[in-house]
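Open your viewer and have the selection box ready. We will go from stop to stop, and at each one you will hear what to pick and what to look for.

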Amino acid sequence: MIRDSSQFSVVSPHNEAMRSRRAVLLVGLAAAVLLGTLLRLGTYRQLQAGTRTRAISSDDYYHLRRARFAVEHFPRTIVFDPLMNFPSGGVAIWPPLFDLALAAPARLLHGPDAGRDALEKSAAWVPLAFAAGAIVLAGLLARRVCGDLAGVAAALFVAASPGHILWTQYGHV
């Protein structure tokens with residue numbers, strides 16, 4: 001005789017509380033990512049006005065220059081730049097990984113012949129992707145150390161932190 005095992009399943013209050021806390025964590029992390037994304041999109045309309053996607057600062061245009069080179073010569077990027085520190089040239093102070101990350105979406109979507117417009121449009125979203133990852137990682141780290149509610153609080157803190165928003169807003173490449 002085969003017994004139905006469903007009649008013996010036990011739902012303990014501990015399991016329900018754990019599921020409830022996990023649901024709060026997941027909803028809280030999703031809300032933090034949504035809030036963080038919306039706060040960082042404040043520059044979208046301004047940078048999309050006109051025919052090109054613009055960057056926020058002159059440093060951003062230099063990152064785009066290095067990313068443009070990286071799209072064509074992936075995974076290499078400019079290390080020594082003869083156009084910098086004229087007439088001697090110079091070495092950029094930034095490590096190349098950020099510029100490679102800016103180049104990666106254009107390279108993956110359009111190949112080595114990706115144009116300037118494709119690079120600018122795709123690179124503008126990279127800081128937002130990094131921000132979303134940082135929000136989730138902060139939440140998961142705080143959860144591991146202090147619990148589910150602390151994870152949600154940490155994720156919301158990073159999502160709304162003005163310094164973090166400044167450097168990870170749309171177009172701040």
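A salt bridge here is a side-chain nitrogen of Lys or Arg within 4 Å of a carboxyl oxygen of Asp or Glu. Before using it, two notes on the model. It is a predicted model, in which local features need pLDDT of at least 70, side-chain atom pairs count only at pLDDT 80 or more, and totals for chains, interfaces and linings use all residues. Residues are numbered from 1 along each chain as its sequence is written, and side-chain values use heavy atoms, with hydrogens and water left out.

**Stop 1: salt bridges**

Select Asp148 and Arg143: they form a salt bridge whose closest N and O atoms are 2.8 Å apart. Now add Arg21, which also forms a salt bridge with Asp148, here with the closest N and O atoms 3.8 Å apart. This pair links distant parts of the chain, with Arg21 in helix 1 and Asp148 in helix 7 (residues 148-160), 127 residues apart. Helices are DSSP runs (H or I, at least four residues), numbered from the N terminus.

Is Asp148 buried or exposed? Asp148 counts as buried because its relative accessibility is 14%; buried means under 20% relative accessible area, exposed over 50%, and partly exposed in between (1.4 Å probe, protein chains only). Its partners are partly exposed: Arg21 at 42% and Arg143 at 31%.

Next, select Asp99 and Arg66, a salt bridge with its closest N and O atoms 3.0 Å apart. Asp99 lies in helix 4 and Arg66 in helix 3, 33 residues apart. Both ends are buried, Asp99 with a relative accessible area of 0% and Arg66 with 2%.

How many salt bridges does the structure hold? There are seven. To see partners being shared, select Arg52, Arg116, Asp117 and Glu120, which salt bridges join into one network.

**Stop 2: helix 3 against helix 5**

Colour helix 3 (residues 58-72) and helix 5 (residues 116-123): their axes come within 10 Å and cross at roughly 115°. Axes are lines fitted to C-alpha atoms, for helices over the stretch in contact, and angles run from 0 to 180 degrees between N-to-C directions. Show side chains for Leu64, Ala67, Arg68 and Val71 of helix 3 and for Arg116, Leu119, Glu120 and Ala123 of helix 5, which make the contact. Contact means heavy atoms within 4.5 Å.

Stay on helix 5 and pick Ala118, Leu119, Glu120, Ser122 and Ala123, its buried residues. Their cover includes helix 3, helix 4 (97-110) and helix 6 (126-146).

**Stop 3: Thr53 and His172**

Select Thr53, in the loop between helix 2 (44-48) and helix 3. At 4% relative accessibility, Thr53 is buried. Which residues does Thr53 touch, not counting residues up to four places away in sequence? They are Leu47, Gln48, Glu120, Lys121, Ala124 and Tyr170. Draw a C-alpha to C-alpha distance from Thr53 to Lys121: it is 5.9 Å, although the two are 68 residues apart in sequence.

Then move to His172, in the segment after helix 8 (162-168). His172 is buried too, at 11% relative accessibility. Leaving out residues up to four places away in sequence, His172 touches Ile56, Asp60, Pro127, Leu166 and Trp167.

Key. Helices (H or I, at least four residues) and strands (E, at least two) are DSSP runs, numbered from the N terminus.
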